[in-house]
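These are my notebook entries on one protein chain. I set down what I looked up, in the order in which I looked.

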Amino acid sequence: MSWQAYVDNSLIGTGKVTHAAIHGHDSSLWATSKGFSISAAEVTTIAKAFTDASGIRANGLIAAGAKYIALRADDRSIYGKKSGGGIVIVKTKQAILFGLYDDPIQPGEATKIVENLADYLIGVNYVSLASLVCSPVSADADGGLVCF
């Protein structure tokens, strides 16, 4: 499944996430929902909060230009709230998943969707194609690639 399909089907398609994006740990954009944009600077700040959340706990976090009060911030998940909605951000081995929700979606409904997708991606060891190193298979094979 493509990264865009994860955004469209596994996040937005549930009806429990209003806007979504998947970024790499390096802030690169892998997929996003229509009309939704989180800047590289915002992703970088959020990525740093997985190791030191003091900044977002004191000042809130900004995603797609909107400010959220940080409700939870640890090495895996960051949850934020603002009037009329909130954000769920979850880090996997290679990606950062962003799921925004608006009222009347309940925080727990959106959280379950984003956290479950993260669990799935971690469980199947999904990584960015850009992070793979590929080399030709030995001459007696059928011409494929071995990637690691």
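What is the mean pLDDT of the protein chain, and what share of its residues reach 70 or more? I read a mean pLDDT of 89, with 84% of the residues at 70 or more; pLDDT is the predictor's confidence in each residue, from 0 to 100. I then turned to residues 128-148, where the pLDDT is below 50. Beyond near neighbours in sequence, this stretch has 22 contacts in the model, a contact being heavy atoms within 4.5 Å.

**Conventions.** I note that this is a predicted model, in which local features need pLDDT of at least 70 and side-chain atom pairs count only at pLDDT 80 or more, while totals for chains, interfaces and linings use all residues. Residues are numbered from 1 along each chain as its sequence is written, and side-chain values use heavy atoms, with hydrogens and water left out.

**The sheet.** I traced seven strands in an open sheet, ordered β2-β1-β7-β6-β5-β4-β3, with antiparallel pairing. Strands here are DSSP runs of E with at least two residues, helices are runs of H or I with at least four, and both are numbered from the N terminus. Two strands pair if DSSP finds at least two bridges between them. At the edges I found β2 and β3, each of which pairs on one side only. Neighbouring strands are turned by 25° against each other on average, direction ignored. For such angles, axes are lines fitted to C-alpha atoms, for helices over the stretch in contact, and the angles run from 0 to 180 degrees between N-to-C directions.

I looked at one edge in detail: β3 and β4 pair in the antiparallel sense over three bridges. Ala 63 stands opposite Ala 66 in β4. I also recorded that α2 packs on the sheet and touches β1, β3, β5, β6 and β7. The direction of α2 makes about 140° with that of β3.

**Salt bridges.** How many salt bridges does a search of the whole structure find? I obtained four, a salt bridge being a side-chain nitrogen of Lys or Arg within 4 Å of a carboxyl oxygen of Asp or Glu. One of them joins the side chains of Asp 74 and Arg 72, at 2.8 Å from N to O.

I next examined Glu 115, which forms a salt bridge with Arg 76, the closest N and O atoms being 2.6 Å apart. This pair links distant parts of the chain, with Glu 115 in helix α4 (residues 107-123) and Arg 76 in the loop between β4 (66-73) and β5 (77-82), 39 residues apart. Arg 76 also meets Asp 119 in a salt bridge, at 2.6 Å from N to O. Asp 119 lies in helix α4, 43 residues from Arg 76. I therefore entered Arg 76, Glu 115 and Asp 119 as a network of salt bridges.

Which of these residues is buried? I found that Glu 115 is buried, because its relative accessible area is 11% and the limit for buried is under 20%, with exposed over 50% and partly exposed in between (1.4 Å probe, protein chains only). Arg 76 is partly exposed at 23%, and Asp 119 is partly exposed at 42%.

**Backbone exceptions.** Most residues other than glycine have a negative phi, and most peptide bonds are trans. I looked for departures from this pattern. A cis peptide bond joins Asp 103 and Pro 104, with omega about 15°. Pro 104 lies in the loop between β7 (95-102) and α4.

Ser 27, although not a glycine, has a positive phi of about 80°. I placed Ser 27 in the loop between β1 (19-24) and β2, and it is buried at 9% relative accessible area. Ala 64 has a positive phi of about 55° and is not a glycine either. It lies in the loop between β3 (61-63) and β4 and is partly exposed at 34%.

**Two loop residues.** Is Ser 37 buried or exposed? I found Ser 37 exposed, with a relative accessible area of 56%. It sits in the loop between β2 (29-32) and α2 (40-49). Leaving aside neighbours within four places in sequence, Ser 37 is in contact with Glu 42 and Ala 64.

Last, I checked Thr 92, in the loop between β6 (85-91) and β7. Thr 92 is buried at 7% relative accessibility. Residues up to four places away not counted, it touches His 25, Leu 97, Ala 118, Leu 121 and Ile 122.
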